[in-house]
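Let's walk through this one together, beginning with the chain as a whole and ending at a few side chains. Have the structure open as you read.

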Amino acid sequence: MGLPFALYELLKGKELNRGFLIELTIRQNLLYTAVLVAVRLIALHSSYPSDSGPVGELMAFGRKTELVKFLLELSGLNFLFGLIGIYLPKKSRKLTALALTLILMAQILLVWRVLTGKF
């Protein structure tokens, strides 16, 4: 989501919006990852049934090992996107643009694998 803005700012020689990168890709990502890990741990260590209720559906989601694994990989890529966007522009803007684009491609490939069910 932030790649077009980041590339535009990098290629125009502007400073990246650090608040956007930190807020969107790092803080929110860490929060969602913590929630995902908590749901996974609760689902694995509780005997709550996977029924049709909202809590049961959440427990069923937490027990899907492959899906949780892919979501954690996507979370790691999002975190890496934020870190590279913050620290690498000081070294080389073109290298940063390339790194962010490669991370985006890896994210798209990962989401494609999840959507097609190849996990």
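Of the 119 residues in the protein chain, 29% are buried. Keep in mind that this is a predicted model. On the outside, the chain has an accessible surface of about 7,700 Å², and carbon and sulfur atoms hold 69% of that.

Now for the fold. The secondary structure amounts to five helices and zero strands, so if you trace the chain along its sequence you read α-α-α-α-α. How do the contacts spread along the sequence? Taking the contacts in the protein chain with a separation of 6 or more, 57% are between residues 24 or more positions apart.

Next, zoom in on helix α2, which covers residues 18-45 and includes Val35. Is Val35 buried, partly exposed or exposed? Its relative accessibility is 45%, and because buried means under 20% and exposed means over 50%, Val35 counts as partly exposed. Val35 also has company out there: together with Leu31 and Tyr32 it forms a nonpolar patch on the surface. The accessible area of Leu31, Tyr32 and Val35 together is about 320 Å².

Finally, have a look at the aromatic rings. How many aromatic pairs turn up in a search of the whole structure? The count is zero. There is still a ring worth visiting, though: Phe70 has Lys69 lying over its face, 5.2 Å from the ring centre. That distance fits the cut-off for a charge over a ring, which asks for NZ of Lys to be within 6 Å of the ring centre.

Methods. Residues numbered from 1 in each chain as written. Predicted model: local features only at pLDDT ≥ 70, side-chain atom pairs only at ≥ 80, totals over all residues. Heavy atoms only, no water. Phe/Tyr/Trp six-rings, centres within 6.5 Å; stacked < 30°, edge-to-face > 60°. Lys NZ or Arg CZ within 6 Å of the ring centre and 35° of its normal. Patch = residues over 30% accessible without salt bridge, like charges linked within 9 Å, V, L, I, M, F, W, Y side chains within 5 Å. Areas by Shrake-Rupley, 256 points an atom, 1.4 Å probe, with all protein chains shown as cover. Salt bridge = Lys/Arg side-chain N within 4 Å of Asp/Glu carboxyl O. Helix = DSSP H or I, 4+ residues; strand = E, 2+ residues; numbered from the N terminus. Buried < 20%, exposed > 50% of the residue type's maximum accessible area, 1.4 Å probe, protein only. Contact = heavy atoms within 4.5 Å.
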